[in-house]
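Start with the overall fold, then move to the sheets, the helices and a few single residues. Keep the viewer open while you read.

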Amino acid sequence: MTVGNYTEVLGTPEPESLTALDLEIVYGLAGDDLLSPDDTVQGVTTRTPPIFVGGTGADRYTLLSDSVMVILDAGSSTGDVLNASGISLDGSSFAEIEGRHLFITDVNARQSVYIFNWEDETNRLETFEFAGGTIAYDDLAQNLRDRGDDFRNFSWNDPGVGFDSATGLTDDGIEDAIDDLLNRALELENIVGTNPSLDIDGDGRLLPTVDGILAQRFIGGGRGDALINGLPLETLGGERQTAAALEGFLEGIEFLDVDGDGRLLPTVDGILAQRFIGGGRGDALINGLPLETLGGERQIAAALESFLTPFLPSV
C-alpha cells in the first residue's frame, strides 16, 4: 500500500542514513535514523516533496538548503530532532494547516518543511535546531501560541497550500492519506521487525529456483518430501534444510496469501511469490493471472509489490 503516486522506500530496524527523491516516501522503521532529501532534490517551490515517516527510535531529520520535505514521525518515541539551519524563529514564517500540521518556510534560505500532526504526543519532534539556536518542542509551541493571530491557520484548500496534482494527494484527501501513512508505518514495523522474509531456506540469498519453488510448493500443499525433493538445501547451507524446519517457518506466514483474497492458490499466490522472488515486477509479475476476478485486496502490480517488498531479506 502507498499513498497517492508516491513510491515507497523502506528502511530496516537498524540505525541508518536514508535519503529520498521527490515523490518518494521513506519509512525509516525502528532505529536511530538520519533522514534527509537527496541532495539532487532542490527547489523550495517544489510541490511534489519527499515524505519521511520516522519509526521507533531517536530520528534526526535534516532539511537541506534550497529544499522542501514532509515529516511524519510515527515512532511514539523521544529524541526526534529537526535540523534546519536556514530556519530562524524570528525571521522565518510559521503557520498551521487544519489546526493539526506545522508549516515552516524561509524565502531567503529557500527551505520549507511540513510537519504532520506536530502537536500529537505520538508524532511530535522533541527538538528543533534552527539558525538562532536549539529550541525544545514545549518552548516552540508556546512561542507560536503567544503570537496570536500572527500564527495563522490555513486549510489544504487555500491557494498554494496543498500539493501538486502529480502527487495524487488531493486537497480533500490529504488528511485520510496521513492516517494511511501512520497505519502503514505501524504495519511495516511489525512486518520487518518480527516476520520472516522470502529467503525461505535462510541462506542469505533470494533464489527463484529454491525459495520460489519452496513457496509455490508449500502454497500448493506440498509437505515432507513433496516440499523439498530435488532442491540442494544442504549444499546451500541455509538455516532451514529439512522439511520440518521449512514447514515450521512457513506455517501461517502473511505473505503467502499474496493477492489478499483469503485463499492460498498455487496457480495465483504461488506464481506471484515465485515471480517476485525471481525479480518479476510490473506486468512481468501479474501477466495472465485472474486477479480482478478473484477480487483480492491486491489486484495491481504496484499493490502486490508494495505488499511483498517488506519481506525481502536485508542485504
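The protein chain carries 10 helices and 14 strands. The model is a predicted one. Its C-alpha atoms fill a box of roughly 70 × 40 × 30 Å along the principal axes. There are 315 residues, and 50% of them count as buried. Take the contacts with a separation of 6 or more: residues 24 or more positions apart account for 55% of them.

The surface comes next. The protein chain exposes about 13800 Å². Carbon and sulfur atoms supply 47% of that area. As for charge, there are 17 positive and 55 negative side chains. The centres of the two sets lie 4 Å apart.

Now turn to the sheets. One is an open sheet of 6 strands, in the order β2-β4-β6-β8-β12-β13. Its pairing is mixed. β2 (17-20) and β13 (133-136) stand at the edges, each with a single partner strand, so one side of each has no neighbour in the sheet. Neighbouring strands here are turned by 20° against each other on average, direction ignored. Helix α1 (residues 137-145) packs on this sheet. The helix touches β12 (127-130) and β13, and its direction makes about 85° with that of β13.

Go to the β2 edge. β2 and strand β4 (residues 34-37) run parallel, joined by 4 bridges. One pair to look up is Thr19, whose bridge partner in β4 is Ser36.

Leu35 is also found in strand β4. Its relative accessibility is 1%, so Leu35 counts as buried. What is Leu35 in contact with, leaving aside its neighbours within four places in sequence? The partners are Leu18, Val26, Phe52, Gly54, Asp59, Arg60, Tyr61, Thr62 and Met69. For a sense of distance, pick Leu35 and Thr209. These two are 174 residues apart along the chain, and their C-alpha atoms are separated by 37 Å.

The other sheet to follow is also open. Its 8 strands have the order β1-β3-β5-β7-β11-β10-β9-β14, again with mixed pairing. At its edges stand β1 (7-10) and β14 (153-154), each with a single partner strand, so one side of each is left without a neighbour in the sheet.

Walk in from the β14 edge. β9 and β14 pair in the parallel sense over 2 bridges. Ile97 stands opposite Phe154 in β14. Strand β9 (residues 93-97) then pairs with β10 in the antiparallel sense, over 5 bridges. Glu96 has Leu102 as its bridge partner in β10. The two strands form a hairpin with 3 residues between them. In that turn, Glu98 has a positive phi of about 55°.

Is strand β10 (residues 101-106) largely enclosed or largely open? 5 of its 6 residues are buried, so β10 is largely enclosed by the rest of the structure. β10 also pairs with strand β11 (residues 111-115), antiparallel over 5 bridges. Leu102 appears again here, with Ile115 as its bridge partner in β11. The hairpin of β10 and β11 has 4 residues between the strands. Arg110 takes a positive phi near 55° in this hairpin.

Positive phi values deserve a closer look. Most residues other than glycine have a negative phi. Leu29 is not a glycine, yet its phi is positive, about 60°. Leu29 is found in strand β3 (residues 24-29). With 4% relative accessibility, Leu29 counts as buried. Asp66 also has a positive phi, near 55°, and is a residue other than glycine. Its place is in the loop between β6 (60-62) and β7 (67-73). Buried means under 20% relative accessible area. Asp66 has 19%, so it counts as buried.

End at helix α3 (residues 208-219). Which residues of α3 are buried? They are Val210, Asp211, Gly212, Leu214, Ala215, Phe218 and Ile219. An α-helix has 3.6 residues a turn, so residues three or four places apart point the same way. Check the listed positions against that spacing in the viewer. The buried residues of α3 pack against four helices: α4 (225-228), α5 (233-236), α6 (243-250) and α7 (266-277). Gly221 follows α3, with a positive phi near 100°.

How values were computed. Residues numbered from 1 in each chain as written. Predicted model: local features only at pLDDT ≥ 70, side-chain atom pairs only at ≥ 80, totals over all residues. Heavy atoms only, no water. Buried < 20%, exposed > 50% of the residue type's maximum accessible area, 1.4 Å probe, protein only. Contact = heavy atoms within 4.5 Å. Areas by Shrake-Rupley, 256 points an atom, 1.4 Å probe, with all protein chains shown as cover. Lys, Arg positive; Asp, Glu negative; His and termini not counted. Charge placed at Lys NZ, Arg CZ, Asp CG, Glu CD. Pairing = 2+ DSSP bridges. Axes fitted to C-alpha atoms, helices over the stretch in contact; angles between N-to-C directions.
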